[in-house]
Amino acid sequence: MKTVKSFRTFVIILMLILISGISSYAGKTAIASAVHIRKVLKESVKYPEQAVKKCCTGSVDVIFTVDEAGKIQIKKTFAENPELEKMVKEQLSSINCKGIESPSTQQFRVTITFRLIG
């Protein structure tokens, strides 16, 4: 009888360890994909020449997902300057985030700020 109880306890503990390991792996994947996306955006989004010429400054908040092909699907944008908002949408539509392992339902939010220096 003690052997059966010990075995059940062992199985339950093993299941809990496996479940916690799987959930922590999922969290690490989400963090890794967010870091990767931030890096891709930082390298890809440039201050548009038109905005520099017009002295446009401001921030654009973007909420988006990444589909299975790595294409950015914009859900919402918030900006004080509609011209910057339009330019950011154009730039993001051309970016491909290949190699990102995240569910297509996972949403990301970034703020892209444009400031003229000097």
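This report walks through the sheet, the core and the salt bridges of a predicted model.

## The sheet

Let's start with the strands. There are three of them in an open sheet, ordered β2-β1-β3, and the pairing is antiparallel. The edges belong to β2 (72–79) and β3 (108–114), each of which pairs on one side only. Going from one strand to the next, the twist averages 25°. Helix α3 (residues 82–93) packs on this sheet and touches β1, β2 and β3. The direction of α3 makes about 165° with that of β2.

Strand β1 covers residues 58–66. Eight of its nine residues are buried, so β1 is largely enclosed by the rest of the structure.

## How the strands pair up

On one side, β1 pairs with β2 in the antiparallel sense over seven bridges. These two strands make a hairpin with five residues between them. In the turn sits G70, whose phi is positive at about 90°. For a register check here, look at V60: its bridge partner in β2 is A79.

On the other side, β1 and β3 are also antiparallel, again with seven bridges. V60 turns up here too, standing opposite I112 in β3. Further along, V62 has V110 as its bridge partner in β3, and F64 has F108. These pairs give you a handy way to trace the β1 and β3 register by eye.

## Two faces of β3

In a regular strand, side chains alternate between the two faces of the sheet. Strand β3 shows that alternation: F108, V110, I112 and F114 point to one face and are buried. R109, T111 and T113 point to the other face and are not buried. Keep R109 and T111 in mind, since both come back below.

## The nonpolar core

Which residues touch the most other members of the largest nonpolar core? They are L41, F64, L92 and I95, out of 21 residues in that core. At least two core residues come from each of α1 (2–44), β1, α3 and β3.

F64 is a good one to click on. Setting aside neighbours within four places in sequence, its contacts include I37 and L41. The same list has I72, Q73, I74 and K75, as well as Q106, Q107, F108 and V110. F108 is thus both a contact of F64 and its bridge partner in β3.

## Salt bridge one: K54 and E83

The model has two salt bridges by the criterion used. One is between K54 and E83, with the closest N and O atoms 3.0 Å apart. K54 sits in the loop between α2 (49–53) and β1, while E83 is in helix α3, so the pair ties together parts that are 29 residues apart in sequence. The side chains of E83 and K54 also register as a polar contact of 3.0 Å.

How exposed are the two ends? K54 is exposed, at a relative accessible area of 53%, whereas E83 is partly exposed at 33%. Apart from neighbours within four places in sequence, E83 is in contact with K54 and C56. The C-alpha atoms of E83 and C56 are 8.0 Å apart, with their positions 27 residues apart along the chain.

## Salt bridge two: D61 and R109

The other salt bridge joins the side chains of D61 and R109, at 3.6 Å from N to O. D61 lies in strand β1 and R109 in strand β3, so this pair ties together parts that are 48 residues apart in sequence. R109 is exposed, with 52% relative accessibility.

D61 has a further partner in T111: their side chains share a polar contact of 2.4 Å. If you leave out neighbours within four places in sequence, D61 is in contact with K76, T77 and F78, and also with R109, V110 and T111. Both R109 and T111 belong to the set of β3 side chains that point to the face opposite F108, V110, I112 and F114.

Notes:
Residues are numbered from 1 along each chain as its sequence is written. This is a predicted model: local features need pLDDT of at least 70, side-chain atom pairs count only at pLDDT 80 or more; totals for chains, interfaces and linings use all residues. Side-chain values use heavy atoms; hydrogens and water are left out. Helices (H or I, at least four residues) and strands (E, at least two) are DSSP runs, numbered from the N terminus. A polar contact is a pair of N or O atoms within 3.5 Å; within protein, one must be able to donate a hydrogen and the other to accept it, and residues adjacent in sequence count only if both atoms are side-chain atoms. Contact means heavy atoms within 4.5 Å. Two strands pair if DSSP finds at least two bridges between them. Axes are lines fitted to C-alpha atoms, for helices over the stretch in contact, and angles run from 0 to 180 degrees between N-to-C directions. A nonpolar core is a set of buried Ala, Val, Leu, Ile, Met, Phe, Trp, Tyr and Cys residues joined through side-chain atoms within 4.5 Å. Buried means under 20% relative accessible area, exposed over 50%, partly exposed in between (1.4 Å probe, protein chains only). A salt bridge is a side-chain nitrogen of Lys or Arg within 4 Å of a carboxyl oxygen of Asp or Glu.
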